[in-house]
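Subject: Structure handover

Hello,

Here is the structure for your files. My notes on what was found in it follow below.

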Amino acid sequence: MSFFQRPSPRFLPLHSLAALALATALAGCAAPERKDAVPAALTEQATVLGGVPNARYFADTQGAAMAREAYAALGRERAQLGPAAAGDPLPPANFLAVSG
């Protein structure tokens, strides 16, 4: 079968699936317009995720605050698990660290 011939009916589902996959892949390449960067002098005051508190720290200048938040989060997690799990190890945690 050459490229320009009409495919037989038995290949139509395959062609439709391939076209759908290609359209989905190309739609994923379309990126929204990028906004201006935060001015360098204001980077430590910029909020992320709609203003979620304690979601962003700079390790070179906010290391102590990051450590305080880590211990506070540990206390909140232990309180949430309750006294029955006081001696048990905590469940695994996942963290995302992004460097730009």
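The model is predicted, and it holds 1 salt bridge. The partners are Glu69 and Arg76, whose side chains meet with an N to O distance of 2.7 Å. Side chains of opposite charge can pair when their charged atoms come close.

The two partners can also be described by their accessibility. Glu69 has a relative accessibility of 18%, so it counts as buried, the cut-off being under 20%. Arg76, at 49% relative accessible area, is partly exposed, because exposed means over 50%.

Next, the pockets. Rolling a probe the size of a water molecule over the atoms shows where empty space is left.

The largest pocket has a volume of about 760 Å³. Its lining is made up of 20 residues, and those closest to the centre of the pocket are Ala55, Tyr57, Met66, Phe95 and Leu96. Sorted by class, the lining of this pocket comprises 14 nonpolar, 2 polar and 4 charged residues.

The second largest pocket contains about 160 Å³ of space. Arg34, Lys35, Asp36, Ala37 and Val38 line this second pocket. In its lining, 3 residues are charged and 2 are nonpolar, with no polar ones.

In short, for your setup: 1 salt bridge, a largest pocket of about 760 Å³ and a second largest pocket of about 160 Å³. Please keep in mind that the model is a predicted one.

Regards

Methods. Residues are numbered from 1 along each chain as its sequence is written. This is a predicted model: local features need pLDDT of at least 70, side-chain atom pairs count only at pLDDT 80 or more; totals for chains, interfaces and linings use all residues. Side-chain values use heavy atoms; hydrogens and water are left out. On a 1 Å grid over the protein atoms alone, a cavity is a set of points where a 1.4 Å probe fits but cannot get out, and a pocket is an open set with protein on both sides within 12 Å along at least five of seven lines; lining residues have an atom within 4 Å of a point. Grid points are joined across faces, edges and corners, and a volume is the space filled by probe spheres set on the points. Ala, Val, Leu, Ile, Met, Phe, Trp, Tyr, Cys and Pro count as nonpolar, Asp, Glu, Lys and Arg as charged, and the others, Gly among them, as polar. A salt bridge is a side-chain nitrogen of Lys or Arg within 4 Å of a carboxyl oxygen of Asp or Glu. Buried means under 20% relative accessible area, exposed over 50%, partly exposed in between (1.4 Å probe, protein chains only).
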